[in-house]
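Thanks, everyone, for making the time. I would like to walk you through one structure, and I will ask you to keep the sequence and the 3D view open while I talk.

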Amino acid sequence: MKITVELQAYLEQYAPDGRGVFDCELPAGARVWDLVRKLGVPDELANVVVVGNTATDLEYELSEGDRVTLIPPIAGG
Amino acid sequence: MPYGWKGQLLRINLTDGSAQKEPLNMKWAAQYIGGRGLGTKYLLEEIDPACEPLSPANKLVFATGPLSGTYAPTGGRYMVLCKSPLTGAIACSNSGGYWGPELKFAGYDMVILEGRAPKPVYVWVYNDQVEIRDAAHVWGKTIEETEDALRAETDPQARISGIGPAGENLNRVACVINDKSRAAGRSGVGAVMGSKNVKAIVCRGTGAVEVADPLKFGELVFASMKEINASPTTSMALRGMGTASTVGFTNSVGILPTDNFQRGQFEQANAISGQTIAGTVLKRNKGCYSCPIGCARVTETSGASKWKGHGEGPEYETIFGLGSDCGVGELDAVLYANYLCNQYALDTISAGGTVAVAMELAQRGYIPPEDLKEVGTELKFGNADAVMRCLEMMTYRQGKLGDLMAEGGYRLAEHYGHPELFMGSKKQDFAAYDPRGAKGMGLGYATSNRGACHLRGYSMTVEWFAPPDMRLDPFTIEGKAKAQLELQHKAGCEDAAGICTFSAFGGLTPDKLAPIYNAATGENLSLGDWMTAGERIWNIERLFNNRAGLSRKDDSLPPRMTREPLTNGAVQGQVVELAPMLEEYYRLRGWDDDGNPSAETLARLGIE
C-alpha cells in the first residue's frame with residue numbers, strides 16, 4: 001500500500017531523498033513502527049505520531065492512502 | 001560575602017536623583033531563592049499592590065538569582081518585576097543575554113527603580129560607581145541606536161537593558177530589551193520603565209560570583225552540560241532549529257493559533273516553520289551567557305521581497321504572534337515584523353495578539369470605517385502591510401486606533417464593544433498553543449499570576465512533548481490541576497535561581513537543579529524544600545494579585561475557549577472545561593473559593 005509520510009523538524013535527515021514529505025510503499029497490515037524501522041528512525045525519536053487527523057502511536061495499523069506525521073522530541077516556545 | 005550572591009542591591013530614587021547601596025535581605029533570599037521570588041517579596045513589602053502601575057508609586061525591580069553569573073548551565077537570566085500596566089497583576093518578565101551576569105559582576109544582585117525622574121535619564125553602573133545621566137539624546141531612539149550611543153559614551157563592553165519608543169509612549173505591551181534583542185517581554189514592563197523616564201540601565205562589572213563548593217558545583221554543572229548536549233530536544237531541536245521547530249508540530253495536531261484563534265491550522269505554516277528558517281534565512285545560532293543550547297536565531301531576510309533587514313529571531317511565539325495569528329505566511333514579513341518589535345521594544349506575543357484582535361474586529365465589521373482609514377491599508381488577516389503599519393501605530397500612538405492598540409488587545413476589543421474577541425487571560429494575550437487541544441494549558445493560562453503565559457505552567461511538556469509513557473492525555477482534564485501545581489512550582493524555582501527553563505528539556509530537572517543551587521549558595525535544600533520554595537513563590541505572587549484586587553473572576557478564559565470547539569486536526573471537537581479543573585486546582589492549593597490562600601496555607605509555607 002502507498003502512504004504519505006511527513007517527517008518533522010530534525011527527522012528530515014531520515015527521509016530517503018532529504019525531503020520532509022514523501023510517499024512510501026509498505027506491505028498491507030503494516031503498523032507505524034514498521035515505517036519507523038524502514039526509515040531507520042530510532043524509536044525514541046518517533047515521539048508523537050499523527051495519522052490523518054488522529055494523534056496515535058507506533059502500534060497503529062496503517063491503511064492505503066494514510067498520511068503519517070512523525071514528530072521527534074521538541075519543545076520550546 | 002554570601003556565596004552565589006553579591007549581597008547588595010542598588011536602590012535608585014529617580015525623583016530626587018539619589019543612588020544607594022544596601023545589603024540584600026538574605027533571609028528573604030533563602031526563603032524565595034532569588035530572582036522572581038525575591039523580587040516579588042520586595043515588591044509586596046514596598047509597594048501598595050493597588051497602586052496605579054504607571055505612577056511613581058510603582059517600583060521597577062531588576063532581579064538576578066544566585067546562579068546568574070555563575071557557570072551553571074543557562075545561568076544568565078534576570079527578571080524585571082513591577083505591578084503590570086497591562087494586567088494590574090504582578091509582572092515578572094524574564095530575559096537572558098548577558099545583562100544579568102554583568103550586574104552581578106558589577107557587585108549587585110538587584111536594582112530597584114523608585115519614583116519618577118523629572119526628565120529622561122539613564123543609569124550608568126560601573127562597579128561601585130553609579131551615575132544618573134541625562135538621556136535626552138537617546139529618548140525616542142530605537143533599541144539599536146540607543147545601545148550603540150550609550151555604549152560609545154560609557155564602555156565598549158557595557159551591557160545595556162532598556163526601552164524603545166514603545167515604552168517611552170507607555171504602550172502597555174512594551175518590553176525591556178537587553179543586548180539588542182533579548183526581551184523581558186511580557187506584561188508591559190517597558191511602559192513602567194518609560195513612566196519613570198528611564199531609558200536604560202547601562203552596566204559594566206569586573207568582579208565575579210563565588211560559589212560555596214566549587215568542586216561539587218563544577219562536578220554537577222559539567223554532568224548537566226553533558227546531558228544537555230546529549231538530549232535531542234536541546235541539542236537537535238532547540239540548537240538546530242530554535243524554538244521554531246515547534247511550528248510543524250502544533251500545526252499538525254491543530255493547535256497553532258491562526259486568525260486570532262479562529263482556527264488551529266494554518267495553510268502556510270510550512271513557509272514559516274523551523275525547517276524552512278534553518279534552510280533559508282538563518283545565518284547562525286546564538287546562545288546567552290553560559291548556555292550550552294544556543295536556541296537564538298540570527299537571521300536576514302531573503303532579499304526576494306520588499307521586507308529587507310537582519311536581526312535576531314523569530315522565536316516560535318513570534319512566528320505565531322506576528323505570523324499565523326495574523327494570517328501572515330510570508331517568512332520575510334514575519335522576520336521584518338520581529339525586527340520592528342525588537343527596535344520598538346514591543347512584546348511580539350502581545351503586539352501580535354493586539355493586531356490579531358484588531359483584524360477580527362475589522363473582519364466582523366466592529367471598527368468604524370473612519371477608524372480603519374488610519375491604517376492606510378486593509379486591516380485583514382494575511383495583510384503583512386497592515387501588521388507593519390499597526391506596529392508603528394501602536395508604538396507611536398498614532399491616531400485613535402493606534403492609541404487604542406497601545407492599550408493592548410483587551411482594552412481595544414472592549415472599546416469596540418467586543419471584549420470576548422480578546423484571546424487571553426487577565427488582559428494578557430495567550431501564547432502560541434490553543435488550549436482547547438491541551439487542556440492543562442487552559443488551566444495554566446487562566447491561573448498564571450502574570451496573566452496568560454505558556455511558561456508559568458508549561459503543560460505542553462506533559463501533554464504533548466513528553467515521551468508516550470509519561471504523557472498525560474491532552475484531551476482530558478484528569479490530573480491537570482496536580483500537574484499544573486508541579487509545573488508552576490518548578491518554573492518558579494528556575495526563574496528564581498536565574499537559569500533558563502529550557503535547561504529542563506536537557507535534563508536539568510528540579511532534582512538536579514536543587515543540588516547545583518546548594519553547591520552555589522551553601523544552602524542544603526532537599527528536593528521537597530526546593531519545590532516548597534516554588535509553592536511559596538506562587539503564593540506570594542497570588543497574595544500580591546489578591547491585594548491588587550484580582551480574584552477568581554480573573555482566572556478565566558474567553559468563551560471561544562470554553563464553548564466553541566476547534567474544527568480541525570487531531571483536536572477537533574475540543575473545548576476547555578475550565579470550571580472543574582479550577583475547582584480542583586484551588587482545593588489542591590489550599591485556597592478558598594475566591595482564590596485567596598488560606599491562613600493555614602500561608603502558615604505552612606512560612607509566608608508572613
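I will begin with the contact between the chains, go on to the core and one helix, and finish with some backbone details.

Please keep in mind throughout that what you are looking at is a predicted model.

Let me start where the two chains meet, a contact to which chain A brings 21 residues and chain B brings 32 residues. On the chain A side, three strands, namely β3 (48-51), β4 (54-56) and β5 (67-71), each supply at least two of the residues that touch chain B. If you sort the chain A residues on that side by character, you find 11 nonpolar, eight polar and two charged.

Turning to the interior, the largest nonpolar core holds 219 residues, and within it V111(B) and V202(B) are the ones that touch the most other members. The helix that gives the most to this core is α12 of chain B, residues 331-344, with 10 residues. If you centre your view on V111(B) and leave aside residues up to four places away in sequence, you will see that V111(B) touches L9(B), L10(B), I12(B), F62(B), L103(B) and I201(B).

One of those partners, L103(B), takes us to helix α3 of chain B, where L103(B) is among the buried residues. This helix covers residues 99-106, and eight of its eight residues are buried, including the charged side chains E102(B) and K104(B) as well as W99(B) and F105(B). Just after α3(B) comes G107(B), which takes a positive phi of about 110 degrees.

That brings me to the backbone, and to two residues that have a positive phi although neither is a glycine. For N127(B), phi is about 50 degrees, and the residue is found in the loop between β7 (121-126) and β8 (129-134) of chain B. Is N127(B) buried or partly exposed? N127(B) counts as partly exposed, because it has 14 C-beta neighbours inside 10 Å, where 20 or more would make a residue buried. For K180(B), phi is about 70 degrees, and its place is in the loop between β10 (176-178) and β11 (182-184) of chain B. K180(B) has 17 C-beta neighbours inside 10 Å and therefore also counts as partly exposed.

Finally, please look at the peptide bond that joins G313(B) and P314(B), which is cis, with omega at about 10 degrees. P314(B) lies in the loop between β15 (310-312) and α11 (316-323) of chain B.

Terms used
Residues numbered from 1 in each chain as written. Chains lettered and ligands numbered in written order. Predicted model: local features only at pLDDT ≥ 70, side-chain atom pairs only at ≥ 80, totals over all residues. Helix = DSSP H or I, 4+ residues; strand = E, 2+ residues; numbered from the N terminus. Buried ≥ 20, exposed ≤ 12 C-beta atoms within 10 Å, placed from the backbone. Contact = placed C-beta atoms within 7 Å. Core = buried A, V, L, I, M, F, W, Y, C linked by C-beta atoms within 7 Å.
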